[in-house]
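Biologist: I have this model open beside its sequence and would love a close look at a single part. Could you walk me through one sheet and the helices around it, and then show me how that part sits in the rest of the chain?

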Amino acid sequence: MVPLLSLGIGLSLLLLWARYKGIEYVLVHHRWIFVCLFLLPLSVLFDIYSQFRAWVVQKLHSAPLQHSQRVRYIQAQVREWKKEGQKTYMCTGRPGWHTVSLRVGKYKKTHKNIFINLMDILEVDTERQVVRVEPLVTMGQLTAYLNPLGWTIPVVPELDDLTVGGLVMGTGIETSSHFYGLFQHTCKAYEIVLADGSLVRCTPEENSDLFYSVPWSCGTLGFLVAAEINIVPVKKYIKLHYEPVRGLKAICKRFTEESEKKENHFVEGLVYSLEEAVIMSGVLTDEADQSKVNSIGNYYKPWFYKHVEKYLKANKTGVEYIPTRHYYHRHTRSIFWVLREILPFGNNPIFRFLFGWMVPPKISLLKLTQGEAIRKLYEQHHVVQDMMIPIKSLEKCIETYHSDIKVYPLWLCPFILPNNPGMVHPKGDETELYVNVGSYGEPQTKHFEARASTRQMEKFVRSIHGFQMLYADCYMTREEFWEMFDGSLYHKLRKELQCSDAFPEVYDKISKAARH
C-alpha cells in the first residue's frame with residue numbers, strides 16, 4: 001500500500017510541475033519523462049498486439065487466403081480514383097508518422113490515400129529458396145518466423161520495424177551486403193498494382209525494366225503488394241571478431257581488407273573518433289565456446305555500440321559467439337545510438353535491468369508525439385544521414401564528415417554494387433565495392449547549419465559518385481538529385497505506365513520541401 005501511495009504522490013507532483021512549466025517545455029527539455037511514462041508502455045502494448053496478430057494468422061493460415069481479396073480491394077480503389085477523374089496523385093494510406101523515417105510527408109494530406117492492409121508472410125518455399133511476403137511485413141516479424149524453420153534472408157537490415165515495402169521502394173543494407181548486395185539485390189520478384197489498376201509480376205526476366213526500376217522509386221511507379229525474397233540456411237551463432245584500430249589510414253585499410261574477404265559473412269565498422277574505430281568480422285556457425293556466448297539482445301545487456309567500445313578502451317581484440325537473431329537486431333534496442341539523446345540514462349545498468357524490456361520506444365510514436373517545437377529542434381541540431389560511397393573514397397569521406405559535422409560514432413557497412421539497370425549503379429561497367437557511412441546524432445562542429453552543412457555533404461557525395469539514402473533529409477535541387485541518380489530507365493517507365501497523372505516524381509516525395 002505504501003509503495004502505491006508514494007507512486008501516486010510522485011505522479012501527482014510530476015503532473016503539477018508539468019502543468020506549471022507547460023507541456024511543450026517538458027516535451028522539449030525533459031522528453032525522457034514523456035517517453036518513460038507513456039511511449040515505452042504504449043510501445044510494449046503495440047508489440048504485444050503485433051505478435052499476437054502474427055501468431056493468429058500463422059495458426060489459422062489466413063494470410064494466403066485473404067491476400068488475393070485484399071489486392072482486389074487495392075485495385076478497386078485505384079479504379080475508383082480513375083472514375084473520379086484522377087484529380088490528385090495517389091499514395092499509400094499508411095499514416096506518415098507510422099514509417100521509420102524521421103520525417104512525415106506533407107503529400108499524405110493532399111493525395112488520394114490508397115489503403116494497403118498487407119502485413120503477412122504468405123509462403124516459404126524451401127525448394128526454390130524464397131519467401132513470399134506482403135509489403136508491411138517487418139524485419140523483426142520475418143526473422144522470428146524464418147529462424148526457427150532453419151532459414152533467414154541474406155540481408156537483414158537493422159531495426160525490427162523496418163518493412164519489406166520500405167526496403168524495396170527505398171533501400172536496405174546490412175553487414176552481409178559486402179557479399180549479397182543491397183536488400184533489392186536479394187529480391188526475386190515484385191507484384192505491383194499499376195496506375196490503371198492492373199496487377200503485374202516483374203522479375204529479371206519478366207517485365208525486367210519495371211523490376212530494376214522499382215527499387216529507390218518510393219512508390220512512384222505503382223503499389224507493391226507482394227515480394228519474393230531469397231532465403232538461405234541459418235546457423236545458431238555468429239562468431240564475431242572485434243579488432244580495435246587506430247589511425248585513419250589504418251582504419252580504412254583494415255576495413256577494406258575485411259570487406260573484400262568473401263569468407264567473412266558479416267563486416268562492420270564503428271568509428272568513435274577521427275583516429276579510433278573497431279572493425280568487426282563474423283561468420284555463421286553452429287558450434288560455440290559456451291564461455292564466450294553473448295546474448296547481446298537480452299534486455300538487460302549493454303547497448304551494442306557501448307559494448308563494442310570496451311574493446312577500443314581496453315585496446316585488445318576479442319571473439320564472441322552471438323545468437324544469430326540477437327546479432328541481426330543488435331542495434332535495435334538503442335536505435336543505433338540515437339536513443340542516448342532521448343534517454344540519456346538508458347544504458348545505465350539499473351535502468352536496463354528494471355525497464356530495459358520496454359526499450360526501444362517505437363519511432364512512429366516518437367514522431368507522432370514530437371510536436372512542432374521538437375521537430376524544429378531536431379531539424380536544426382540533429383543529423384540522421386546514410387551516404388553510400390565507393391570504398392576507395394572512405395578516408396576522404398570520414399575527413400569531410402569530421403570537418404563538416406563531427407558526429408560520432410559513424411557506422412560503416414560495406415556492400416557490393418552490381419552494374420544493374422536502375423537508379424543506382426556504379427559509374428563504370430564493373431561491379432564495385434561501396435560502403436555506407438551512417439551518421440546519427442548531434443553535430444559537434446560550431447559552424448553546423450542544417451541546410452548548408454547537409455548540402456555540402458550531398459555535394460561531396462555526388463562528386464565521388466555516391467548516393468544518399470532517401471529516408472533522410474534531402475536538400476538537393478531537382479537537377480542535383482538527377483545528377484546523383486540515374487533517372488533514364490525510371491522516366492522511361494513512368495511515361496510507358498502513364499504515371500505522370502497518378503504518382504508524383506520521386507524527388508517530389510523525398511525532397512526537404514515535401515516533408516516536415
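Modeller: Happy to; here is a walk through one sheet, strand by strand, followed by the helices and then the rest of the chain. Please keep in mind that this is a predicted model.

The part to look at is an open sheet of 8 strands, in the order β13-β10-β12-β11-β15-β16-β14-β17, with antiparallel pairing. At its edges are β13 and β17 (467-468), each of which pairs on one side only. As a reminder of what holds such an arrangement together, strands of a sheet pair through backbone hydrogen bonds, either parallel or antiparallel.

Let's start with β12, residues 276-285. This strand is largely enclosed by the rest of the structure, because 8 of its 10 residues are buried. On one side, β12 pairs with β10 in the antiparallel sense over 10 bridges. On the other, β11 and β12 pair over 7 bridges, again antiparallel. A good residue to click on is Met280 in β12: Tyr242 has Met280 as its bridge partner, and so does Glu268. If you follow the backbone from β11 into β12, you pass through a hairpin with 2 residues between the strands.

Now step across from β11 to β15. These two strands pair in the antiparallel sense over 3 bridges, and Val271 stands opposite Leu410 in β15. Leu410 deserves a pause. Leu410 belongs to strand β15, which covers residues 410-417. Is Leu410 buried or exposed? Its relative accessible area is 1%, and buried means under 20%, so Leu410 counts as buried. Leaving aside residues up to four places away in sequence, Leu410 touches Gly269, Leu270 and Val271, then Trp337, Ile398 and Tyr401, and also Val437, Gly438 and Ser439. There is also a nice example of the fold bringing separate stretches together: Leu410 and Leu274 are 136 residues apart in sequence, while their C-alpha atoms are 9.7 Å apart in space.

Next come the helices. Helix α9 (residues 248-260) lies across β10, β11, β12, β15 and β16 (432-441), and runs at about 10° to β12. Helix α10 packs on the sheet too, touching β10, β11, β12 and β13, with its direction at about 55° to that of β10.

Helix α10 spans residues 304-314, and its buried residues are Phe304, Tyr305, His307, Val308, Glu309, Tyr311 and Leu312. For reading a list like that, it helps to recall that an α-helix has 3.6 residues a turn, so residues three or four places apart point the same way. The cover over the buried residues of α10 includes β10 (237-246), β11 (266-273), β12 (276-285), β13 (318-323) and α12 (339-342). Just after α10, Asn315 takes a positive phi of about 55°.

Within α10, His307 is worth a closer look. With a relative accessible area of 10%, His307 is buried. Its side chain makes a polar contact with the side chain of Asn294, at 3.3 Å. Not counting residues up to four places away in sequence, His307 touches Tyr242, Asn294, Ile296 and Glu320. Tyr242 is a residue you have already met, as the bridge partner of Met280 in β12.

Now for the wider setting. The chain has 516 residues, of which 57% count as buried, and its secondary structure comes to 20 helices and 17 strands. Among contacts with a separation of 6 or more, residues 24 or more positions apart account for 74%.

One helix outside the walk so far is α17 (residues 450-463): at 1.5 Å a residue, its 14 residues should span 20 Å, and its end C-alpha atoms are 20 Å apart, so the two values agree. Buried residues in α17 include Ala450, Met457 and Phe460. After α17 comes His465, whose phi is positive, near 60°.

Elsewhere there is an open sheet of 5 strands, ordered β3-β4-β8-β6-β7, with antiparallel pairing. Its edge strands are β3 (121-125) and β7 (199-202), and the twist averages 15° from one strand to the next. Inside that sheet, β6 (residues 187-193) and β8 (residues 223-230) pair over 6 bridges, with Ala189 opposite Glu228 in β8.

Notes:
Residues are numbered from 1 along each chain as its sequence is written. This is a predicted model: local features need pLDDT of at least 70, side-chain atom pairs count only at pLDDT 80 or more; totals for chains, interfaces and linings use all residues. Side-chain values use heavy atoms; hydrogens and water are left out. Buried means under 20% relative accessible area, exposed over 50%, partly exposed in between (1.4 Å probe, protein chains only). Helices (H or I, at least four residues) and strands (E, at least two) are DSSP runs, numbered from the N terminus. Contact means heavy atoms within 4.5 Å. Two strands pair if DSSP finds at least two bridges between them. Axes are lines fitted to C-alpha atoms, for helices over the stretch in contact, and angles run from 0 to 180 degrees between N-to-C directions. A polar contact is a pair of N or O atoms within 3.5 Å; within protein, one must be able to donate a hydrogen and the other to accept it, and residues adjacent in sequence count only if both atoms are side-chain atoms. The expected span of a helix is 1.5 Å times one less than its number of residues.
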